[in-house]
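Thanks for sharing this one. Here are my comments as numbered points, in the order I would go through them with you.

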Amino acid sequence: MSGRRRLSLAWIATLPFFAYTLLFLFLPAFAVLIGAFQGMKSGYTLENIRTLFHHPYIDAYWASIKLSLITAAIGAIAGLFIAYAAIREGTPKWIRSALTTFSGVAANFGGIPLAFAFISTIGFTGVVTKFLHNYLGWDINNTNFPLFGHFALYSSFGVGIVYLYFQIPLMILVIAPAIDGLRREWREAAANLGASSWQFWRYVGVPVLLPSLLGATILLFGNAFAAYATAYSLTAGSVNLVPIDIGYYYSGNVLSNPHLAQALAFGMFVVLGVMMVIYIPFQRRAARWAR
């Protein structure tokens, strides 16, 4: 009897969660799904979905996917090495504490404040820009970077640099538990069996971290793919990204077909849904290693 009572109380405690997901997740997603297939006058149509495969909307998807992939890859690699350097044995404990605190703040810092911070730092008249030009003779705005091209803060290149400000800290927070899962006993056993450090990482360390690393990379992709306020504040909408296009429709700048914005959002759901389908098996495998 007492077991049933505890079970019923546990179900009651989950009701706020289900109410929240219903009101703020499923209902809005359902409204977007229905609106994406509605016509301007009446009835349902596939015209909105077909429009997404034409310019400039398909270009916006490719630009968003490319930007998200690049920032996710760089953020994942940089975050992994920074987190490992802070967590490994021999590093003072206060470094990990300070890094975790900073990462928790930076991972949630975005929008207009973040855009303004970078504009005032490395913009055309930014503090760092002026310092480099006046004291080192380096005009950062006339610099070409290998593989990335000409630097411009107000371009997709600049947006990627700004995104890394919250991508790398998010990676540190996500990958830190996986690094903790690399038990000291495994390294000692490998050393006792005559394995070198390279062999340990090849046969033990990398296979253990790989599911978490790939899962975290997918999480970073979704984080960048859905970002809106930072890119819009930085570029004033001059960069063709899907969230910015959706913002144009809902801000009233484009009124020809309001259902097209819902179709754009539906396309984002599809992309993020594919990434989540890939992410779930990696996360489950990582959880098994953590145990």
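The points below go from the model as a whole to its cores, its surface, its salt bridges and two backbone details.

1. **Confidence.** Please keep in mind that this is a predicted model. The protein chain has a mean pLDDT of 86, with 90% of its residues at 70 or more. Helix H3 has the highest confidence, at a mean of 95, while strand S2 (residues 149-150) has the lowest, at 70. Where pLDDT is low, the predicted coordinates should not be read in detail.

2. **Overall layout.** The protein chain contains 12 helices and 2 strands. Reading from the N terminus, the order is α-α-α-α-α-α-β-β-α-α-α-α-α-α, with the two strands placed between six helices and another six. Along the principal axes, the C-alpha atoms occupy a box of roughly 80 × 75 × 30 Å.

3. **Burial and contacts.** Of the 291 residues in the protein chain, 36% are buried. The exposed area comes to about 17,600 Å², and carbon and sulfur atoms supply 70% of that. As for contacts with a separation of 6 or more, 68% of them link residues 24 or more positions apart.

4. **The largest nonpolar core.** This core holds 43 residues, and the members that touch the most others are Tyr-61, Met-171, Ile-175, Ile-179, Val-242 and Leu-264. Two or more residues come from each of H1, H3 (57-87), H7 (156-180), H9 (197-225), H11 (242-250) and H12 (258-290). You may also want to look at a second, separate core of 20 residues, with Leu-114, Phe-157, Val-159 and Ala-227 among them.

5. **A closer look at Tyr-61.** Which residues does Tyr-61 touch, leaving aside those up to four places away in sequence? They are Leu-52, Phe-225, Val-242, Ala-263, Leu-264, Gly-267 and Met-268. Two of these partners, Val-242 and Leu-264, also appear with Tyr-61 among the core residues that touch the most other members.

6. **A nonpolar patch on the surface.** Tyr-20, Leu-22, Leu-23, Phe-24, Leu-25, Phe-26 and Leu-27 make a nonpolar surface patch of about 770 Å². Phe-24 belongs to helix H1 (residues 2-36). Is Phe-24 buried or exposed? Phe-24 has a relative accessible area of 58%, so it counts as exposed. Helix H1 also gives two or more residues to the largest core, which makes this helix a good one to view from several sides.

7. **A salt bridge between two helices.** The whole structure has 3 salt bridges. In one of them, the side chains of Asp-180 and Arg-96 meet at 2.7 Å, N to O. Asp-180 is in helix H7 and Arg-96 is in helix H4 (residues 93-106), so this pair ties together parts 84 residues apart in sequence. Both ends are partly exposed: Asp-180 has a relative accessibility of 41%, and Arg-96 has 29%.

8. **Two salt bridges within helices.** Side chains of opposite charge can pair when their charged atoms come close. Glu-47 and Arg-50 form a salt bridge at 3.1 Å, N to O. These two residues are 3 apart in helix H2 (residues 47-51), so about one helical turn separates them. Glu-47 is partly exposed at 43% relative accessibility, and Arg-50 is partly exposed with 43% as well. Glu-188 pairs with Arg-184, and their closest N and O atoms are 3.0 Å apart. Here the residues are 4 apart in helix H8 (residues 184-192), so about one helical turn lies between them. Glu-188 is partly exposed at 38%, whereas Arg-184 is exposed at 53%.

9. **Two backbone details.** His-55 and Pro-56 are joined by a cis peptide bond, with omega about 5 degrees. Pro-56 sits in the loop between H2 and H3. Ala-236 has a phi near 55 degrees, a positive value in a residue other than glycine. This alanine is in the loop between helix H10 (229-235) and H11, and Ala-236 is exposed, with a relative accessible area of 58%.

Technical notes: Residues numbered from 1 in each chain as written. Heavy atoms only, no water. Patch = residues over 30% accessible without salt bridge, like charges linked within 9 Å, V, L, I, M, F, W, Y side chains within 5 Å. Areas by Shrake-Rupley, 256 points an atom, 1.4 Å probe, with all protein chains shown as cover. Salt bridge = Lys/Arg side-chain N within 4 Å of Asp/Glu carboxyl O. Buried < 20%, exposed > 50% of the residue type's maximum accessible area, 1.4 Å probe, protein only. Core = buried A, V, L, I, M, F, W, Y, C linked by side-chain atoms within 4.5 Å. Contact = heavy atoms within 4.5 Å. pLDDT = per-residue confidence, 0-100.
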